Amino acid sequence: MSEAMASTPQAARGKRVPGATYRLQFNRGFTFRDAAALVEYLHELGITDCYASPLFKARAESTHGYDVCDFNQLNPNLGTREDFDRFTAALQSHGMGLVVDLVPNHMASDLSNGWWFDVLQNGRESRYASHFDIDWQPLKSDMHDKVMIPILEDHYATVLESGKLKLFFEEGAFLIAYYENKFPVTPKSYKSLLQELGDAVTEEKTLSRLAGNSGDNLSQQQSKLKKLHEKSALFRKGLTTFLEQFNGKAGSPGSFDRLHNLLQQQHYRLAHWKVGPEEINYRRFFDVNELVSVRMELPEVFQAAHQLIFKLVKDGTVTGLRIDHPDGLWNPQQYLERLRENAPLAYVVAEKILTREELLPPNWPVDGTTGYDFLNQVNGLFVQSGNETVFNDIYREFTGSSLDFHSMAYASKKRILEFSLASELNALTHRLKRVAISTRQGLDFTFRQLHAGLAEVIATFPVYRTYITETTHEPSAVEKEQIEAAIADAMARNPKMDHAILNFIKSLLLLRSPTDADDAGKKQSREFVMKFQQLTSPVMAKGLEDTTFYNFNRFVSLNEVGGSPEEFGTSVEKFHQYNLLKQEKWPHSMLSSSTHDTKRAEDVRARINVLSEIPDEWRSAVTRWSKLNADKKTMVNGSPAPHPNDEYLLYQTLVGAWLPEAEILDEQKDFQPRIQAYMYKALRESKAHTSWNDPNPAYENALKEFISKLLDNAPGNAFLKDFRPFQKRIAFFGQFNSLSQILLKMTAPGVPDIYQGTEMLDLSLVDPDNRRPVDFKSRHQLLNELKSRQQGGSGSNSSLKELLPEGNIGKAKLFTTYRTLNFRREHRELFEKGNYVPLTATELGREHVCSFARSHQNSWVITVVPRLVVLLNAGEEQLPLGREVWKNSWLFLPQLKPGEKLRNIFTNAIVTVEDRDGQSGAALGDVLADFPVALLTNVMDPSVV
């Protein structure tokens, strides 16, 4: 098969839809060679396609690859081209594909980025000047034709006069150094520098000739200077003296005049990092100064950025693309259409965050999303919705925090606009002002009024963005509803604001240009709308995901990317409706339960969800813990730290991420720093008591010390003595949630994705914790043991129960994944083309089972998983197996006939369809007799042994 794949053009092979993907995070510690060694294991696990993090050249210190420096070069940190070819050859030898994460929205504003370096050196004359989204004529006239680089640790003058900025010479080039950063000097500065250098090296005639030769371009000058430096000791000595004098002397401000004047001549301005949010003049990825947005809408930029990836797609090396952050693009649909034109047979998914009932734009030529929507749907199944009110009470009592999620999100987005993205809001307001003054309707609107109105509309915008383009005649019905909802909300929140301002903005967003607008005014109006769309997305992401989700801690397993924490759980009926819609519209969309972006791994969420079933126990526990730990707090600014809201987050985190007892002692030294690092990030993201831009070391240290005391293994630690048995109970029930959600993921309509390591118990938290190395060797070894067990005929009853020891579901999860994915791979049409049929049950099964069938022609596969197992078991810690637990509960199988036989692929047990009161079905106690989840099929050939 490998030779066939390698020699057959992709067009001849047809479009490849993965059966199941496995996400790998590449970095210096995990390279192409490491990945090649894993292919055999992934194939045995049942994976059909490897799903790679960005593979193109990134910053030298990058740990994730999203800071791309060269779209057309593989990342040398990951290995050589030969290493990459060996990896892809290994995939092809097993008939496996490769899905690559593509980052079209931004690049690293790093000096190793050749495009960016050229822009800094040559300014608007650079051939790459239009490649980046730079405002070359910002409001401040002193910044015209310059790029602000907010990198300095302190105010510019302080850094300059302390001698931390230096002119230096390297390989024939003059550069400006700031620590390890080396900024270029514009060609126009070379003439004056060489003239001054010539005065210092008076005997060197070659130098004066070089300075006067205006016909030489910069590279020629640098080449001659390099040779001169190599051969002339006199030049080297004079250069050293010149640079010492030019760079000034600390304590003598006047000695820095020449260096300051040189810096003023450059096409960039080095500034204090705190200046960035307000005055930066290039669009960033969110508020990250180190990531500069690319103008991918320009055909020449698109072509320049996709040469290598299209070559890899064309020759079949890459079979799929994951498009990162399309919402940041000027015109996402245009980009995706161009992508599809060049890669018509590639599997393409978009990292699109859908809010609540939002759907993926139907005109996008993609196969679906990266699966955050599925993640939140399936997670909600294991939350007991009926206990929402009592959890509201517990949260309010413990923290005193507000339960008004929408107001919290609104305030967070306003804060982001005021601080992190202030420059973007100012720039957009000036666009709006230019539109306003071009029409009589807006002549009296002041900048301040327009600024305030825009902030309100953006803060109330209900989705990440709309998708109006240059050719859109009017917004879609859904977009109209979104725009009108935002305006109505803004008006309701601000009754004293001049609503004429908001109505003016509304008209523009609805593409109703002022009646007296000329062609230029209409063009400005459309450009305003397009830029507006590029700002609502980062404001939503930073305000909701990275602020509100770290403040609204009522029930943190719901605080996930694309989630709606105010919705307390998902009903089985809603889950079925979601899957039916997916089956109809996006049958090949990716299905995720953990990703590199999730705030906590699937097994952490699975445990926390158990709390929703035991509110009284939870209330008692956190009340006890708060009292036991009160003396561990530190007074900061007159109040005990940490605040109860942070403390409440910490207790949920510990319940979810606590290591199994067998591992906790060995890994305790790592566990405590992990929790401290997670809470440190959570604190700064929440921006309540500290933040990235305005850190509060006293509060942060107080929390760090609090965690250290909480997790002290000393015999007298009353908290741990009380916490451990409670957490062990949660872990016992959480294992069933874990098994249920992965089986649902692997059998629902779509392409299941396994994030690295999560085929076993994974208790990771937000990045970088979830990028820790994975022990693949032990996983492969365990998989071989499980395969041997199955081949030896030990696949049912007590042997399967042995896979569930003390809440550590590593073996059971690996077994479930292996069996399901291999069965799926052998019966792809059943899953890729099969109908989705919701199934119902009686009595206990009505509330405690989620079940559906997939049918294609005469083949059936039926998924059966338990939910809310604490309530099912009446609180008893017992496996949810057999008729003792399920009593007389019955699973309806209306499309099967009595007497038909179904095989459970996990136990190989046969379940016979029976008749009860004229309806076909099976007793749930028989379906779930020996293993907590079941996958039944009428396909009797033992395809997976």
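This tour moves through several places in the structure, with a selection to make at each stop. The model is predicted, and every value quoted below is computed from it.

**Stop 1: a buried acidic residue**

Please select Asp646, which belongs to helix α27, spanning residues 644–657. Is Asp646 paired in a salt bridge or left without one? Asp646 has no salt bridge, although the residue is buried. To see the distance involved, add Lys633 to the selection: this is the nearest side chain of opposite charge, and it lies 8.9 Å away. A salt bridge would require a side-chain nitrogen of Lys or Arg within 4 Å of a carboxyl oxygen of Asp or Glu.

Next, display the surroundings of Asp646. Apart from neighbours within four places in sequence, Asp646 is in contact with Met679, Leu683, His689 and Tyr699.

**Stop 2: a cis peptide bond before α27**

Now select Ala641 and Pro642. The peptide bond that runs from Ala641 to Pro642 is cis, and its omega is near 10°. Pro642 is placed in the loop that connects β19 (639–641) with α27, the helix that holds Asp646.

**Stop 3: another cis peptide bond**

Move to Asp767 and Pro768. Here too the peptide bond is cis, from Asp767 to Pro768, with omega near 10°. Pro768 sits in the loop between β20 (751–755) and α31 (776–791).

**Stop 4: positive phi values**

Select Tyr179, in the loop between β9 (173–178) and β10 (181–184). What is notable about phi of Tyr179? The angle is near 55°, which is a positive value in a residue other than glycine.

Then select Lys887, found in the loop between α37 (882–886) and β24 (890–892). Phi of Lys887 is likewise positive, near 55°, and this residue is also not glycine. Is Lys887 buried or exposed? Lys887 is exposed, because its relative accessible area is 53% and the cut-off for exposed is over 50%.

**Stop 5: the largest cavity**

Finally, turn to the empty space inside the model. Rolling a probe the size of a water molecule over the atoms reveals where such space is left. Across the whole structure, eight cavities of 30 Å³ or more are found, and the largest cavity has a volume of about 80 Å³. To centre the view on the largest cavity, select Val294, Met296, Glu297, Leu329 and Trp330, the closest to its centre of the 13 residues that line it.

Two helices may then be coloured: α15 (332–342) and α23 (519–545) each contribute at least two residues to the lining of the largest cavity. By class, that lining comprises five nonpolar, three polar and five charged residues.

Notes. Residues numbered from 1 in each chain as written. Predicted model: local features only at pLDDT ≥ 70, side-chain atom pairs only at ≥ 80, totals over all residues. Heavy atoms only, no water. Helix = DSSP H or I, 4+ residues; strand = E, 2+ residues; numbered from the N terminus. Buried < 20%, exposed > 50% of the residue type's maximum accessible area, 1.4 Å probe, protein only. Lys, Arg positive; Asp, Glu negative; His and termini not counted. Contact = heavy atoms within 4.5 Å. 1 Å grid on protein atoms, 1.4 Å probe; cavity = no way out; pocket = protein on both sides within 12 Å on 5 of 7 lines; lining within 4 Å. Points joined across faces, edges and corners; volume = space filled by probe spheres on them. Nonpolar A, V, L, I, M, F, W, Y, C, P; charged D, E, K, R; others polar.
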